[in-house]
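Me: Could you take a close look at one part of this model for me, the helices and the aromatic rings around them? I work at the bench, so a plain walk-through would be lovely.

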Amino acid sequence: MNASVPLIPDNAPFSPEQRAWLNGFLAGVFSRTLAPVGASSLATPALAPLTILFGSQTGTAEGLAKKMAKEAGKRGFAATVLDMAQTDLAKLAAEKNLLVITSTYGDGEPPDNAKALHAALKAAGDRPLTSVRFSVCSLGDTNYAQFCQCGKDLDAWFERLGATRVTPRTDCDLDYDAPFTAWLDAALNALGVGNVGGGLPSDSDSTSGHVAPPAEEESGYTKKNPFPAPVLTVRNLNGPGSAKEVNHIEFSLEGSGLAYEAGDALGVVPQNCPDLVADILAALGCDGEEAVTTPSGELPLRRALTEYYDLGKPSAELLSVVGGALRPDAASESGHKAPPTLTAQAPHHVIDVLLAAPTKPSPADFVSRLKKIQPRLYSISSSPKAHAGQVHLTVGAVRYEKDGRTRKGVCSTFLAERGLAAGKVGVFVHSNKAFRPPASDDTPMIMVGPGTGIAPFRAFLAERRASGAKGKNWLFFGDQKASADFLYREELTALQSAGTLTRLDLAFSRDQAEKIYVQHRMLEAATELFAWLEQGAHFYVCGDASRMAKDVDVALHQVIEKAGGKSPEATVAYIQSLKTTKRYQRDVY
Ligand SMILES: Cc1cc2nc3c(=O)[nH]c(=O)nc-3n(C[C@H](O)[C@H](O)[C@H](O)COP(=O)(O)OP(=O)(O)OC[C@H]3O[C@@H](n4cnc5c(N)ncnc54)[C@H](O)[C@@H]3O)c2cc1C
Ligand SMILES: NC(=O)c1ccc[n+]([C@@H]2O[C@H](COP(=O)([O-])OP(=O)(O)OC[C@H]3O[C@@H](n4cnc5c(N)ncnc54)[C@H](OP(=O)(O)O)[C@@H]3O)[C@@H](O)[C@H]2O)c1
Ligand SMILES: Cc1cc2nc3c(=O)[nH]c(=O)nc-3n(C[C@H](O)[C@H](O)[C@H](O)COP(=O)(O)O)c2cc1C
């Protein structure tokens with residue numbers, strides 16, 4: 001990076017502020033050729049180069065990275081947003097100022113676009129990053145054991161490789177707005193250019209400090225201000241004898257101004273089950289009319305528990321106060337005995353803590369220790385080209401038994417049991433630019449989507465049919481039983497007849513003694529699959545992250561090795577190149 005003269009000379013007919021703004025604008029245009037931090041004066045304004053590096057699976061960190069660039073620009077930085085898949089250690093070594101934002105996936109793993117860089121940083125020796133100043137913001141979810149692990153790894157490795165941390169790493173839970181905003185403010189200040197913006201304004205409210213992902217800015221309806229979408233349809237897709245419950249849900253978006261693309265997700269704001277709320281009220285000894293203070297003002301306790309609070313995994317704050325009494329020593333001191341299941345392991349849900357606690361908190365104390373209920377994301381299963389004014393989802397209901405209690409997934413069963421009765425449900429569009437049909441209508445697509453993983457591929461196929469795209473389309477679908485779990489059977493067979501779906505390979509796991517999964521079908525069709533890849537096909541996977549997506553990845557390696565006649569090293573390089581060129585995309589959960 002060369003320290004060069006300002007583009008607008010001192011004697012030009014501009015005020016210092018106008019000169020600073022113009023230099024900032026031109027610096028962005030001419031790709032960061034102005035003076036680095038520390039060389040600032042009114043005549044030569046400080047325009048520090050800044051690279052914002054993102055690791056993102058489903059678009060949140062990518063959206064925030066763009067937001068960061070906007071804010072950094074306002075503060076006099078010439079900022080560039082960089083996808084982790086598009087850089088390497090040598091390029092990073094040439095950076096001066098680096099802000100990193102990344103999510104974590106799997107079991108503490110990096111998101112797909114960060115995998116190669118994560119591995120390279122882990123393996124690197126020496127201190128190649130000594131001229132880099134950096135800070136890391138990690139996005140994660142405290143429900144996962146390896147909370148924010150990818151951000152923690154990168155933060156440690158940047159330091160080990162000689163980079164200077166300008167401000168401490170911040171680890172954000174799902175409710176990331178406040179910690180992210182505070183981190184960005186501190187990081188930009190620490191990087192050395194003045195806070196010209198005077199805080200961290202959002203586009204809509206210059207004093208709120210709220211940072212919203214760009215896709216949500218485009219319409220008035222956002223995660224913070226969801227659109228109350230009329231629920232048009234809730235239809236069970238399984239037949240008699242199924243062990244599954246997958247619902248097809250349709251919402252109207254008429255009048256919302258919300259736009260989405262095939263590949264995006266929909267955020268849905270759920271409400272807690274009234275039976276669970278009643279059990280919690282009983283455990284607290286309350287009737288639900290007690291007034292409590294919530295982020296939306298004073299509300300009756302029953303409504304607050306239904307609409308505002310997460311009644312799932314208990315927070316550390318709740319455990320530290322109410323759950324403290326659950327520890328064996330505390331229990332014996334107080335003369336009460338907590339159930340053995342709770343002393344032996346962490347309580348599963350908030351209700352378990354209350355039922356086992358010897359003393360009950362007051363309503364105000366209780367709600368002050370609950371986390372906010374979070375929206376859930378669902379891969380959109382409709383195409384706006386085929387279903388104007390509507391958005392469709394394919395939602396598997398989560399139901400299970402634990403510690404002698406029937407448990408229900410909050411959002412999936414809210415939609416299944418009370419979606420239609422609710423009339424309207426809060427929704428917002430969550431853009432996912434990393435999961436898109438090919439830009440060219442002629443490019444072949446290979447889609448692997450067992451179970452609810454079919455969702456985005458219903459959208460991709462509807463999109464291709466609506467636009468008359470000529471590219472070939474191959475779907476691998478699987479579920480338990482052909483008779484009961486062949487989701488969207490009529491639609492898929494109609495798409496086959498119409499020629500949109502070129503090939504459909506099915507894997508029903510429980511129709512025979514041995515399990516047959518989608519990856520077995522991939523291996524059976526290895527020669528044709530490799531031929532499609534050689535023709536430029538994009539390869540997509542959607543559905544279960546913990547087992548299916550990993551096994552499909554192994555199968556893809558085997559297909560390329562076997563049918564492509566490649567060594568293991570050449571296979572890894574082939575797949576890495578598919579990822580770098582965005583031809584291997586995953587939407588897994
Ligand atoms: C980008 C993205 C796209 C997605 N797309 C879809 C989609 O198209 N369709 C779809 O159905 N889902 C999809 N999901 C998943 C969806 O967001 C929700 O996670 C899912 O519906 C469960 O939410 P819930 O509120 O019903 O359950 P929650 O109340 O969140 O409960 C789920 C939790 O319950 C626990 N749990 C579940 N089963 C058991 C068990 N047997 N034993 C012990 N604990 C258990 C686990 O901790 C699990 O995380 C997607 C997720 C993401 C991130
Ligand atoms: N992280 C989250 O927030 C979240 C929330 C909800 C659901 N999920 C995950 O999403 C998945 C989606 O559930 P779903 O009902 O749509 O589908 P699913 O459980 O993935 O089942 C679809 C088909 O995949 C098969 N399968 C099981 N293991 C497999 C493997 N290793 N490789 C390939 N196929 C495999 C199943 O067979 P068998 O059943 O016969 O084994 C079934 O035939 C759930 O399994 C769950 O893990 C995640
Ligand atoms: C399948 C799955 C696995 C996840 N694993 C982790 C994890 O191990 N640790 C963690 O802190 N967060 C985990 N998360 C939460 C994400 O990191 C978090 O939702 C983040 O905001 C997503 O950002 P992104 O959209 O930029 O990828 C996981 C989320 C999903 C859907």
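Reply: Happy to help; here is a walk through two helices and then the rings.

This is a predicted model, in which local features need pLDDT of at least 70 and side-chain atom pairs count only at pLDDT 80 or more, while totals for chains, interfaces and linings use all residues. Residues are numbered from 1 along each chain as its sequence is written, and side-chain values use heavy atoms, with hydrogens and water left out.

Let's start with helix H15, residues 410-422 (helices are DSSP runs of H or I with at least four residues, strands are E runs of at least two, both numbered from the N terminus). The end C-alpha atoms of H15 are only 14 Å apart, although a straight helix of 13 residues would reach 18 Å (the expected span is 1.5 Å times one less than the number of residues). H15 also has a kink of about 50°, centred on alanine 416 (the bend at a residue is the angle between axes fitted to the seven residues ending there and the seven starting there). Among the buried residues of H15 are Phe414, Leu415 and Arg418 (buried means under 20% relative accessible area, exposed over 50%, partly exposed in between, with a 1.4 Å probe and protein chains only). Just after H15, glycine 423 takes a positive phi of about 80°.

Now for H16. Its 13 residues should span 18 Å at 1.5 Å a residue, and the end C-alpha atoms are 19 Å apart, which agrees. H16 is mostly covered, with ten of its 13 residues buried, including Phe457, Phe460, Glu463 and Arg464. Glycine 468 follows H16 and has a positive phi, near 65°.

On to the rings: the structure holds 16 aromatic pairs (rings of Phe, Tyr and Trp, the last by its six-membered ring, pair if their centres lie within 6.5 Å; planes under 30 degrees apart count as stacked, over 60 as edge-to-face and the rest as tilted). One of them joins phenylalanine 435 and phenylalanine 457 in a tilted arrangement, 6.1 Å centre to centre with 45° between the planes. This pair links distant parts of the chain, 22 residues apart: phenylalanine 435 sits in the loop between strands S16 (424-430) and S17 (445-448), and phenylalanine 457 in H16. Both phenylalanine 435 and phenylalanine 457 are buried. Together with Phe460 and Tyr540, Phe435 and Phe457 form one aromatic cluster.

Technical notes:
Chains lettered and ligands numbered in written order.
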